[in-house]
Amino acid sequence: ERGRMALDPAELVILKKERRLVLDSGVWINHLFSDFKDDDNDSAAKDATNLTYAMDQRLWIRATWRPPADGSSENEHSVYLRVKNKETWRDPADANGRFDWNGPHLDYAFLTLDLRPGVLQAGRRFFQVGQGFAYSNVNDGTELSVSGATWSLMGFVSRTLPHEDNIDLSVPGGKESGRTFYAIE
């Protein structure tokens with residue numbers, strides 16, 4: 001994206017004429033290695049966790065539909081998909097064993113419609129209110145943002161992911177959560 005912004009405006013017009021559908025993709029891998037000694041401050045007791053190695057892998061792709069360079073509209077619409085996979089190796093093995101493989105799972109999948117002066121996003125994505133202290137999570141939902149010269153308004157409705165554990169352990173019955181969140185900022 002920085003490379004596109006650094007282009008001469010004349011080159012950018014040529015690029016926009018040639019590339020109305022732009023595909024971007026990427027991957028990142030996060031490695032975490034932990035080595036604990038006397039994790040309970042008791043050298044006589046066996047450590048519950050000695051060594052842990054975890055690898056978090058994410059693969060993403062975004063397709064952006066751009067208007068023609070000679071058109072009157074500058075609205076760009078996009079679709080974003082991200083898949084995650086997490087592998088963990090533990091020593092000593094815990095109740096679940098030594099190796100845990102969690103994934104691959106659909107992490108994000110959302111559509112962005114540029115409806116200037118507003119932007120509509122719908123699907124599975126990260127939602128937050130303010131700095132994220134009261135609410136911030138990946139959920140399924142819809143967000144609408146509208147901006148003016150000196151003001152902006154954002155509102156969303158989101159629902160917890162299917163099969164997500166309920167954070168309130170005092171609720172009788174199943175452990176699944178089914179919470180809906182509303183926000184206006």
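User: Which residues are linked with Arg-58 in a network of salt bridges?

Analyst: In this predicted model, the network of salt bridges that includes Arg-58 has further members. Side chains of opposite charge can pair when their charged atoms come close. The residues linked with Arg-58 are Asp-56, Arg-82 and Asp-107.

User: How far apart are the closest N and O atoms of Arg-58 and Asp-56?

Analyst: A salt bridge requires a side-chain nitrogen of Lys or Arg within 4 Å of a carboxyl oxygen of Asp or Glu. Arg-58 and Asp-56 form such a bridge, and the separation of their closest N and O atoms is 2.8 Å.

User: Is Asp-56 buried or exposed?

Analyst: Buried residues have under 20% relative accessible area. The relative accessibility of Asp-56 is 14%, so Asp-56 counts as buried.

User: Which strands hold Asp-107 and Arg-58?

Analyst: Asp-107 and Arg-58 join their side chains in a salt bridge with an N to O distance of 3.0 Å. The pair links distant parts of the chain, 49 residues apart. Both Asp-107 and Arg-58 are buried. Asp-107 lies in strand 4 (residues 97-115), and Arg-58 in strand 2 (residues 51-65).

User: Is Arg-116 buried or partly exposed?

Analyst: Arg-116 forms a salt bridge with Asp-114, their closest N and O atoms being 2.9 Å apart. Asp-114 is buried, at a relative accessible area of 8%. Partly exposed residues fall between the 20% and 50% limits. Arg-116 has a relative accessibility of 48% and therefore counts as partly exposed.

User: How many salt bridges does a search of the whole structure find?

Analyst: The bridge between Arg-58 and Asp-56 is one salt bridge in this structure. For the whole structure, the search finds 9.

Methods:
Residues numbered from 1 in each chain as written. Predicted model: local features only at pLDDT ≥ 70, side-chain atom pairs only at ≥ 80, totals over all residues. Heavy atoms only, no water. Buried < 20%, exposed > 50% of the residue type's maximum accessible area, 1.4 Å probe, protein only. Helix = DSSP H or I, 4+ residues; strand = E, 2+ residues; numbered from the N terminus.
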